[in-house]
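Visitor: Could you take me through a close look at one pocket, and then carry on to whatever else is worth following along the chain? I have the sequence and the coordinates open beside me.

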Amino acid sequence: EMTVAAEKQEFEIAAQLRDKLFALEKVIEKQVAVTADFADRDIIAAVQNETRTLAVILFVRQGFLQGMRHYEFKDGVTEAPEVVRALMNQFYDGSRYIPEEIIVPAPLDDAVLWETPLSALKGSRVRVLSPRRGDRLRLLEMAQENARTLLENLTRVADTRHRLLERLQSRMGLTVYPRRIECFDNSGISGSALVAGRVVFIEGEPDRSLYRRYAMHTVDLQDDYACMAEVLKRRFKNDENPESLPDLLMVDGGKGQLNIAVAVLERLGLKGRFDLAGIAKKDETRGESADKIYIPGRANPINFSQNADLLLFLQQIRDEAHRFAIAYHRKKRGRTALASRLDIIPGIGIKRKRTLLTHFTNIQNIREASLEEIASLPGMSLKAAQAVHSALSKP
């Protein structure tokens, strides 16, 4: 079902099925005894194809298979021993449990250089082995089969996304393949806690490490155009690295927001460096049945009637930007509301307010805390705690 959904470009459904599959596998694996000696082992396998390198670790604890994790290596690692060394260097960093045996797919000529520091960290002997027979070899073959299956699935999904992006480039008339798509959305109510959010999709997948949040510096009214102008200027003003520029920049809004983006990029000397698009919600009062995608120089929205999956993909990006911006807006509003409640309490100055916010994070937690807990915080006193408790107990 996961594969079928992916082939239909139903990526959200495919991801949900994938998560269910992994969850079921973990439940089953936890109930399977794989060795009779009750030893703790990690088993590492590495597989490759033309485009991806994948490593898998199986965790065996007291003879039972407890779970699996996988890691992708996209750059600079090409040979299996390199992959194993890179994974071990990353994984066994002193913060994780170290088993008595680590099974690897091929002998490491520097195995002793791994065993010595790992044994020191564990406080007992650790062996790095490459088995040729028996239960250890069977575990290694199991890990390799898991890795191969996972690599095939990841590659199939990636290929499907690649074809979708190629079709998107063709349908929208984009100048380049949209490997990196950025989308911006604003959020704010009546000029309060105005913020914006940026999400980034790489090869059709969200890359949350590249998400960014912006609190407005120059806009204090509910002016979506001014907010978009500020955030785009801050995003692109000092970015001289062509690799960090998007291939397609999307803004949430219709022609107005798109025109703002065009004007900002022209002022920054970035006109023509990448493609632009605006996405506007459908207006059901006008009989519209689908959201609209606008691009510069074209009066009417692009027709996606024969490519509904492409429009759905763009909507998913917009919805993710909206979710991200809304989450930040709610967080800032919550902090503002909490700060304003604390500002009116006698004896609670900036330092004490900061202490309360840092320790409790939200007003409900402060309200539910005991006098002793509040008074025990650095810089607080019983009198100050009583003032806080009394003020926040009122509706």
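Guide: Happily! Helix H7 gives the largest share of the lining of the second largest pocket, namely three residues. Please keep in mind as we go that this is a predicted model. H7 covers residues 255-267, and together with strand E11 (275-280) it belongs to the elements that each supply at least two residues of that lining. The space in this second largest pocket comes to about 240 Å³. Its lining consists of 15 residues, and the closest to the centre are Gly272, Phe274, Asp275, Leu276 and Pro296. By character, the lining of the second largest pocket divides into nine nonpolar, three polar and three charged residues.

From the pocket, let's move to strand E1, residues 41-48. Seven of its eight residues are buried, so E1 is largely enclosed by the rest of the structure. With strand E2 (residues 53-61), E1 pairs in the antiparallel sense over eight bridges. One of the places to look is Ile43, whose bridge partner in E2 is Leu58. Between E1 and E2 the chain makes a hairpin through four residues. E1 also pairs with E4, this time in the parallel sense and over three bridges. There, Arg41 has Glu101 in E4 as its bridge partner.

Stay with Arg41 and Glu101 for a moment, since their side chains meet as well. They form a salt bridge in which the closest N and O atoms are 2.5 Å apart. This pair links distant parts of the chain, with Glu101 in strand E4 (residues 101-103) and Arg41 in strand E1, 60 residues apart. Both Glu101 and Arg41 are buried. For Glu101 the relative accessibility is 5%, and because buried means under 20%, Glu101 counts as buried.

Glu101 has another charged partner. Its side chain meets that of Arg136 in a salt bridge, at 2.8 Å from N to O. Glu101 is in strand E4 and Arg136 in helix H5 (residues 134-172), so this pair ties together parts that are 35 residues apart in sequence. Arg136 has a relative accessibility of 28% and therefore counts as partly exposed. If you widen the view, you will find a network of salt bridges that links Asp37, Arg41, Glu101, Arg127 and Arg136. The count of salt bridges in the model comes to 25.

For a salt bridge inside one helix, turn to H8. Glu320 and Arg323 form a salt bridge there, with their closest N and O atoms 3.0 Å apart. Both residues lie in helix H8 (residues 308-343), three residues apart, which is about one turn of the helix. Glu320 counts as buried because its relative accessibility is 12%. Arg323, with a relative accessible area of 42%, is partly exposed.

One last stop is helix H12, residues 382-392, where the buried residues are Ala384, Ala385, Val388 and Leu392. Look down the axis of H12 and you will see these buried residues fall within an arc of 100°, so they line one face of the helix.

Terms used: Residues numbered from 1 in each chain as written. Predicted model: local features only at pLDDT ≥ 70, side-chain atom pairs only at ≥ 80, totals over all residues. Heavy atoms only, no water. Buried < 20%, exposed > 50% of the residue type's maximum accessible area, 1.4 Å probe, protein only. Arc of directions from axis to C-beta. Salt bridge = Lys/Arg side-chain N within 4 Å of Asp/Glu carboxyl O. 1 Å grid on protein atoms, 1.4 Å probe; cavity = no way out; pocket = protein on both sides within 12 Å on 5 of 7 lines; lining within 4 Å. Points joined across faces, edges and corners; volume = space filled by probe spheres on them. Nonpolar A, V, L, I, M, F, W, Y, C, P; charged D, E, K, R; others polar. Pairing = 2+ DSSP bridges.
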